[in-house]
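Colleague: I'm new to this one, so could you walk me through it? Let's start once it's up on the screen.

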Amino acid sequence: MRFDRNKEQYRINERINVPEVRLVGDDVTPGVYTTSKALQMAEDMGFDLVEISPNANPPVCKIIDYQKFLYQQKKRQKEQKAKALKIVVKEIRFGPQTDDHDYNFKLRHAKQFLEEGAKVKAYVFFKGRSILFKEQGEVLLLRFATDLEEHGKVEQMPVLEGKRMIIMLSPVSKKGGTAKPSLSNGEKQSVSDTPKDSN
């Protein structure tokens with residue numbers, strides 16, 4: 001027999017052993033009812049009384065067909081999972097002593113990535129003795145985050161991981177629209193070498 005986690009997760013009907021519940025939903029007048037009254041209402045409508053928020057006081061319940069409720073929950077979980085998989089991370093690499101031309105080139109790329117809905121993972125790579133300039137690298141990344149504040153919010157402040165100091169930025173949704181991912185699931189793209197500027 002297959003174990004159904006969803007069936008164990010929600011209490012329904014007579015398994016709801018509290019004196020009162022708060023009913024929500026389109027087909028009922030929202031409010032607090034005795035559990036026996038809510039059960040009677042569910043029975044009269046030919047549906048189940050399902051506890052959807054057990055930690056509330058009183059617990060929140062909904063009158064709905066239980067199988068339909070489970071289907072909706074599974075569908076929502078699948079949609080959330082699919083959405084999570086579509087997060088795109090673009091990498092931008094700096095040296096500890098990046099010049100203004102190189103910096104501005106990468107800044108333009110980062111703005112474009114964030115506007116497309118991708119996250120930006122910017123990092124300063126310290127080679128050999130350049131680790132002595134780690135404070136300089138942190139200042140660079142904080143400046144980068146400040147210059148992008150209209151396009152992205154800081155998800156992770158600069159942190160040193162081995163020879164790299166990393167900052168994470170996530171896109172900010174514009175009013176009247178949302179950022180849209182432009183690449184396939186989990187795809188990464190790095191901007192580490194500066195080609196000739198076309199402008």
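Modeller: Sure, and keep in mind that this is a predicted model. There's an open sheet of four strands with mixed pairing, in the order β2-β1-β4-β3.

Colleague: Which strands are the edge strands of that sheet?

Modeller: An edge strand pairs on one side only. In this sheet that goes for residues 31-34 and residues 48-53, so to speak the two ends of the order, β2 and β3.

Colleague: How much are neighbouring strands turned against each other on average?

Modeller: Here direction is ignored, and we take the average over neighbouring strands of this sheet. That comes to 45°.

Colleague: Which helix packs on the sheet?

Modeller: Look at residues 35-45: that helix touches β1, β2, β3 and β4. Its direction makes about 95° with that of β2. The helix is α2.

Colleague: How do strands β1 and β4 run, parallel or antiparallel?

Modeller: In general, strands of a sheet pair through backbone hydrogen bonds, and both arrangements exist. Here three bridges join β1 (residues 20-24) to β4 (residues 60-64), and R22 stands opposite V60 in β4. The two strands run parallel.

Colleague: Now the surface: why can L142 be part of a nonpolar patch?

Modeller: L142 is found in helix α5, residues 134-147. The patch, about 240 Å², is made by L142, V154 and M157. Patch residues need over 30% relative accessible area. L142 qualifies on that count because it is partly exposed, with a value of 31%.

Methods:
Residues numbered from 1 in each chain as written. Predicted model: local features only at pLDDT ≥ 70, side-chain atom pairs only at ≥ 80, totals over all residues. Heavy atoms only, no water. Patch = residues over 30% accessible without salt bridge, like charges linked within 9 Å, V, L, I, M, F, W, Y side chains within 5 Å. Areas by Shrake-Rupley, 256 points an atom, 1.4 Å probe, with all protein chains shown as cover. Salt bridge = Lys/Arg side-chain N within 4 Å of Asp/Glu carboxyl O. Buried < 20%, exposed > 50% of the residue type's maximum accessible area, 1.4 Å probe, protein only. Pairing = 2+ DSSP bridges. Axes fitted to C-alpha atoms, helices over the stretch in contact; angles between N-to-C directions. Contact = heavy atoms within 4.5 Å.
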